[in-house]
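Colleague: I'm new to reading protein models. Could you walk me through one, feature by feature?

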Amino acid sequence: MTVTSDNDIVRMPPRSYHDGPSCLSRQLMSVPPTSYPANPALRIHAHYRHFERERVRWSDTDQLGHVNNLAFGAYCETGRSMFMSQVTMQNRALGCLFVVSQLIINFIEELYWPAEVMVGTGVMAIGRTSYRIGQGLFAGEHCFGSSEALLVQIDATTRVFLGTTVACA
């Protein structure tokens with residue numbers, strides 16, 4: 001910080017992005033970014049066995065007339081919840097739940113009202129205490145969005161992550 005003789009105005013010297021603790025280059029992760037779309041296989045209608053039907057509501061649109069980002073997430077949530085409903089009931093009886101810990105949504109193309117959405121959902125990978133779900137958002141056979149969700153196991157009572165033990169079968 002410097003003080004000038006012009007009315008004693010306090011001025012900060014310009015900072016470079018390479019100066020001090022806010023340096024972005026020091027914050028880079030060693031993990032490379034994924035390409036878009038994250039997984040092109042999610043766009044293929046035939047990969048899914050489970051589908052849920054949704055109708056685009058007028059309230060799903062924005063001022064430009066197309067379906068907004070929040071609606072994409074809501075369609076995915078409905079498909080994921082209906083897909084998981086049987087698993088959720090069984091696991092709750094065993095004292096555990098699976099909750100979303102990561103969600104990636106790919107906005108591939110615009111969709112306009114009125115329309116019908118088919119949400120395809122399937123399991124991409126199964127881990128010891130987690131699993132990954134893939135979804136495709138379709139208008140007919142045409143994919144306009146996709147998502148991946150990582151679900152992790154937690155204790156139904158304490159809500160503590162069960163990453164080190166397998167309490168539910």
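Modeller: Sure, let's go through the sheet, the core, the cysteines and a few single residues. Keep in mind that this is a predicted model.

Colleague: Let's start with the sheet. In what order do the five strands lie?

Modeller: For a sheet, you follow who pairs with whom. Here the order is E3-E5-E6-E7-E4, the sheet is open, and the pairing is antiparallel. E3 and E4 are the edge strands, since each one pairs on one side only. From one strand to the next, the twist averages 25°.

Colleague: How many bridges join E3 to E5?

Modeller: Six, with E3 covering residues 50–55. You can pick out single pairs too: His50 has Thr121 in E5 as its bridge partner, and Glu54 has Val117.

Colleague: And what links E5 with E6?

Modeller: Those two run antiparallel over eight bridges, E6 being residues 130–139. One of the pairs is Gly122 with Gly134. E5 and E6 also make a hairpin, with three residues between them.

Colleague: Next, the core. What's the general idea?

Modeller: In soluble globular proteins, nonpolar side chains tend to be buried together. In this model, the largest nonpolar core has twelve residues, among them Val56, Phe72, Tyr75, Cys76, Val117 and Phe144.

Colleague: Which elements give two or more residues to this core?

Modeller: Helix H1 (69–94) and strand E5 (116–126). H1 gives the most, with four residues.

Colleague: Can we zoom in on one core residue? What does Val117 touch, leaving out residues up to four places away in sequence?

Modeller: Its contacts include Val56, Tyr75, Leu111, Leu137 and Phe144, which are themselves listed in the core. Val117 also touches Glu54, its bridge partner from the sheet.

Colleague: Cys76 was in that core list. Why is Cys76 not bonded to Cys143?

Modeller: First the idea: a disulfide is a covalent bond between the sulfur atoms of two cysteines. The closest cysteine sulfur to that of Cys76 is in Cys143, 9.7 Å away, so the two are too far apart for a bond. Cys143 is in no disulfide either, and a search of the whole structure finds zero of them.

Colleague: Is Cys76 buried or exposed?

Modeller: Cys76 is buried, because its relative accessibility is 0%. Cys143 counts as buried as well, at 5%.

Colleague: What about Ser147: buried or exposed?

Modeller: Ser147 is buried, because its relative accessible area is 0%. Ser147 sits in strand E7, residues 142–155. Leaving out residues up to four places away in sequence, its contacts include Leu42, Cys76, Leu103, Ile105 and Gly134.

Colleague: And is Glu141 buried or exposed?

Modeller: Glu141 is exposed, because its relative accessibility is 60% and the cut-off is over 50%. You'll find Glu141 in the loop between E6 and E7. It also shows how sequence and space can tell separate stories: Glu141 and Arg43 are 98 residues apart in sequence, and their C-alpha atoms are 9.5 Å apart.

Colleague: One last thing. Which residues does the cis peptide bond join?

Modeller: The background is that most peptide bonds are trans. The cis one here joins Trp113 and Pro114, with omega at about -5°. Pro114 lies in the loop between strand E4 (96–107) and E5.

Definitions and conventions:
Residues numbered from 1 in each chain as written. Predicted model: local features only at pLDDT ≥ 70, side-chain atom pairs only at ≥ 80, totals over all residues. Heavy atoms only, no water. Core = buried A, V, L, I, M, F, W, Y, C linked by side-chain atoms within 4.5 Å. Buried < 20%, exposed > 50% of the residue type's maximum accessible area, 1.4 Å probe, protein only. Contact = heavy atoms within 4.5 Å. Pairing = 2+ DSSP bridges. Disulfide = S-S within 2.5 Å. Axes fitted to C-alpha atoms, helices over the stretch in contact; angles between N-to-C directions.
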